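This report describes the interior of a protein, taking its cores, a cavity and a few chosen residues in turn. Please keep the sequence and the structure to hand while reading.

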Amino acid sequence: MTTSLPEYLEEDNLSEECKKLLSILPKEKGWVRSVYNYQGFWTSLKFLQGSTWLKSLLFALVNRVKHPIFEPNHPLLVENPHVLVPFLEHTLYIDGQVIDSSTFTSPRLLATHVPFASLPKSVQDSKTKLVYLCRNPRDTFISMWHFANNLLLHHKDTNSIEEMFDLFCKGVSLYGPFWNHVLDYWKQSLENPNKILFLMYEEIKKKPKIQLKRLAEFLECPFSIEEENSGVVDEILKMCSFENLRNLEVNTNGKFSTGEPYKVFFRRGEIGDWKNYFTIEMIDKLNYIIEEKFQGSGLKFSYV
C-alpha cells in the first residue's frame, strides 16, 4: 500500500509561463524542496515557516476590544495563529488566487516572509505598518533545520545538519541569504521608524512586557492605565506564551488544509539552543560570515 505525499511536499502544477521563468533562474537543493534565486533571494514555490509567537501577540494586542483577553473562548485558544494572521504569499495569493482585501475586517493583520525590496510599491509607499522579527543566526539556523526535517519526517529522507549548514552559509535558505533579508529591513527601520518596527526575538524573551508595550505604542493602540492595572498586559503575555500555545488542543492535534501539522511550529522557542548542536568549527565559520556581512550596520546579535 502506498500513501500520497502531503500537499506541501508535492511538486506544483506549473503554468508554461512559470516554467519558462524557473528555467532561467539559479536553482539549488532546498531545505524541503528545490529553491530558486529570484530578485537576489532564495525561495520555493510553496513553503510555510512562520513567527508564531509574534503573530499571537499582534492578534491579541490589536483585537483586545473586539476579543477581550479574559474571554473564555478567545480565538487564540481555539485556532492556530497562522490561521488568524494568514500569509500573503502562502495562503491568500497562492496558486493565482485573487482576494478582495476590502472584505477583511479591521484591523487587518497579514504576514509575509518576502524581502523588503520584493514588497509591492503599494505596501512600501502606503501607511501600512510593518513589524519585523529577527532572531540570532545560530538559533535561526537550528530552528529552520528542525522545522524542515519535521515536515519531511515519515515522507522523505531528512537533511543532515552538516549539509544544511553549508547551504545556510552559502545564503541558501528560505528567502535567504539571511543577512541580506535582515539588513534590508534593519536599514529601512532606521530610515523610517514610524513605518517599520524592528524587533529582536531575544529582547522579547528577556523583557516581554517592555517589548509588548513598545509594540502597542508603534501600532498606535497603547495600553491605558486601567488596562495595565487590571492585568491586561500580563494576561496577553500569559495567553501568548510559547508554553500555553504549544499545549492547546488545536495546536497539538490540528493541521492546515495542505497537511502541515500545527505542532511543527512549536518546538522549544528558547535562546541558545544552538549550543546543543554547533561545533567550534561551525561557530567560527558563521561568526566570520556574520561579522563580514553586518560590519558597520550597528546591528548586534545576542546568543544567550
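## A glycine in a loop

Between which helices is the loop that holds glycine 272? Glycine 272 has its place in the loop between helix H15 (249–253) and H16, in what is a predicted model. Because its relative accessible area is 9%, under the 20% limit, glycine 272 counts as buried.

Leaving aside neighbours within four places in sequence, the residues in contact with glycine 272 are Asp139 and Tyr303. Asparagine 136 is 136 residues away from glycine 272 along the chain, yet the C-alpha atoms of the two are separated by 9.2 Å.

## Overall make-up

The protein is made up of 16 helices and five strands, and of its 304 residues 49% count as buried. When contacts between residues at least 6 apart in sequence are considered, 71% of them join residues at least 24 apart.

## Two nonpolar cores

The largest nonpolar core has 42 residues, and those with the most contacts inside it are Phe141, Phe198, Phe278, Phe294 and Phe301. Two or more residues are given to this core by each of strand E4 (130–134), helix H7 (137–152), helix H8 (161–169), helix H9 (178–191), strand E5 (196–200) and helix H16 (280–294). A second core, separate from this one, has 29 residues, including Trp53, Leu54, Leu197 and Ile236.

Phenylalanine 294 can serve as an example from the largest core. With neighbours within four places in sequence set aside, phenylalanine 294 is in contact with Phe178, Trp179, Val182, Leu183, Leu299 and Phe301.

## Threonine 140 in helix H7

Threonine 140 lies in helix H7, and because its relative accessible area of 13% is under 20%, the residue is classed as buried. The side chain of threonine 140 reaches the backbone oxygen of asparagine 136 at a distance of 2.8 Å. Not counting residues up to four places away in sequence, threonine 140 touches Arg135 and Phe178, and Phe178 is also in contact with phenylalanine 294.

## Helix H2 and the second largest cavity

Helix H2 (residues 52–62) has 10 of its 11 residues buried, so this helix is largely enclosed by the rest of the structure. Its buried residues are Thr52, Trp53, Leu54, Lys55, Ser56, Leu57, Leu58, Phe59, Ala60 and Leu61, and two of these, Trp53 and Leu54, are included in the second core.

Rolling a probe the size of a water molecule over the atoms shows where empty space is left. The count comes to two cavities of 30 Å³ or more, and the second largest cavity holds about 40 Å³ of space. Its lining consists of Leu57, Leu199, Ile204, Gln211, Leu212 and Leu215, and by class this lining has five nonpolar residues, one polar residue and no charged residues. Helix H11 (residues 208–218) gives the most to the lining of the second largest cavity, with three residues.

## Alanine 216 in helix H11

Alanine 216 has its place in helix H11, and it counts as buried because its relative accessibility is 1%, under the 20% limit. Apart from residues up to four places away in sequence, alanine 216 touches Leu61, Cys221, Pro222 and Phe223, and Leu61 is one of the buried residues of H2. Leucine 57, which helps to line the second largest cavity, is 159 residues from alanine 216 in sequence and 10.0 Å away in space, C-alpha to C-alpha.

Note on methods. Residues are numbered from 1 along each chain as its sequence is written. This is a predicted model: local features need pLDDT of at least 70, side-chain atom pairs count only at pLDDT 80 or more; totals for chains, interfaces and linings use all residues. Side-chain values use heavy atoms; hydrogens and water are left out. On a 1 Å grid over the protein atoms alone, a cavity is a set of points where a 1.4 Å probe fits but cannot get out, and a pocket is an open set with protein on both sides within 12 Å along at least five of seven lines; lining residues have an atom within 4 Å of a point. Grid points are joined across faces, edges and corners, and a volume is the space filled by probe spheres set on the points. Helices (H or I, at least four residues) and strands (E, at least two) are DSSP runs, numbered from the N terminus. Ala, Val, Leu, Ile, Met, Phe, Trp, Tyr, Cys and Pro count as nonpolar, Asp, Glu, Lys and Arg as charged, and the others, Gly among them, as polar. A nonpolar core is a set of buried Ala, Val, Leu, Ile, Met, Phe, Trp, Tyr and Cys residues joined through side-chain atoms within 4.5 Å. Buried means under 20% relative accessible area, exposed over 50%, partly exposed in between (1.4 Å probe, protein chains only). Contact means heavy atoms within 4.5 Å. A polar contact is a pair of N or O atoms within 3.5 Å; within protein, one must be able to donate a hydrogen and the other to accept it, and residues adjacent in sequence count only if both atoms are side-chain atoms.
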